Amino acid sequence: MGNEKFLNLVKSHASRLQEAQSSQAVDWEKRKLWWINQVDTLLGDVRQWLKALEEQQILTIETKKISINEEDIGSYDVNSMVIKLGFQTLMFKPVASVVVGGFGRVDIEGPGGSVMLLLLSLSSDVTAPDRMNNVAWHIFSHRDRRTSREFDEASFQSIFSSLLLIGGEE
């Protein structure tokens with residue numbers, strides 16, 4: 001292949017790559033705001049599930065801002081949540097919005113250990129432009145990252161009991 005032909009081939013390829021990259025460019029500010037909203041919705045759901053216990057003053061719930069710094073997004077503040085039951089605490093701690101295979105991670109930590117919540121797309125097409133519109137939180141153990149289950153009220157109750165070391169006595 002002649003030098004001129006090679007140069008034109010590489011230029012053409014570079015141009016196609018740049019066009020593809022431009023059409024798939026991420027609006028990081030929009031992504032950050034979307035992520036913060038997803039975390040707020042998660043924490044709101046948890047607070048709603050615990051509303052009766054909070055109203056009866058069996059536990060307290062406190063949200064507070066924490067700072068996260070991510071390479072593409074930069075530094076930002078997002079809500080975390082601390083649930084206090086007696087002298088025990090359960091903390092919902094956002095970790096990152098940019099994670100491999102998902103759209104964000106929140107760790108839940110308590111005296112009995114910790115679990116990860118990953119915000120995953122329910123769409124099997126990873127190139128679908130609307131894949132962020134169809135997401136759900138999934139629970140992963142730090143010991144077994146291959147299996148997960150969807151995070152809902154029932155799974156939260158199980159995690160709550162396990163991480164706060166609540167026995168099965170009734």
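1. Aromatic cluster. Trp 49, Phe 92, Phe 151, Phe 156 and Phe 160 are joined into a cluster by ring pairs. Keep in mind that this is a predicted model. In total, the structure holds 7 aromatic pairs.

2. An edge-to-face pair. One of the aromatic pairs is formed by Trp 34 and Phe 103. Their ring centres are 5.7 Å apart. The planes make an angle of 80 degrees, and the pair is edge-to-face. Look at where the partners sit. Trp 34 belongs to helix α2, residues 28-49. Phe 103 is in the loop between β3 and β4. The pair therefore links distant parts of the chain, 69 residues apart.

3. Cover around that pair. Are Trp 34 and Phe 103 buried or exposed? Trp 34 has 16% relative accessibility, so it counts as buried, because the cut-off for buried is under 20%. Phe 103 is buried too, with a relative accessible area of 7%.

4. A tilted pair. Phe 92 and Phe 156 also form an aromatic pair. Here the distance is 6.2 Å centre to centre, with 40 degrees between the planes. This pair is tilted. Why does it tie together separate parts of the sequence? Phe 92 lies in strand β3 and Phe 156 in helix α4 (residues 153-163), so the pair ties together parts 64 residues apart in sequence. Both Phe 92 and Phe 156 are buried.

5. The β2–β3 hairpin. Strand β2 covers residues 74-85, and strand β3 covers residues 88-96. The two strands pair in the antiparallel sense, over 5 bridges. Phe 92 appears again here: in β3, it is the bridge partner of Met 81. The hairpin has 2 residues between its strands. Gly 86, in the turn, has a positive phi of about 65 degrees.

6. The next strand. β3 is also joined to strand β4, residues 105-110. These strands run antiparallel, with 5 bridges between them. Which residue in β4 is the bridge partner of Met 91? That partner is Glu 109. A general point helps when viewing strands: in a regular strand, side chains alternate between the two faces of the sheet.

7. A nonpolar surface patch. Now turn to the surface. Phe 6, Leu 7 and Val 10 form a nonpolar patch there. Together they have about 250 Å² of accessible area. Val 10 is found in helix α1, residues 3-23. How is Val 10 classed? With a relative accessible area of 40%, Val 10 is partly exposed, because this class lies between under 20% for buried and over 50% for exposed.

Definitions and conventions:
Residues numbered from 1 in each chain as written. Predicted model: local features only at pLDDT ≥ 70, side-chain atom pairs only at ≥ 80, totals over all residues. Heavy atoms only, no water. Pairing = 2+ DSSP bridges. Helix = DSSP H or I, 4+ residues; strand = E, 2+ residues; numbered from the N terminus. Patch = residues over 30% accessible without salt bridge, like charges linked within 9 Å, V, L, I, M, F, W, Y side chains within 5 Å. Areas by Shrake-Rupley, 256 points an atom, 1.4 Å probe, with all protein chains shown as cover. Salt bridge = Lys/Arg side-chain N within 4 Å of Asp/Glu carboxyl O. Buried < 20%, exposed > 50% of the residue type's maximum accessible area, 1.4 Å probe, protein only. Phe/Tyr/Trp six-rings, centres within 6.5 Å; stacked < 30°, edge-to-face > 60°.
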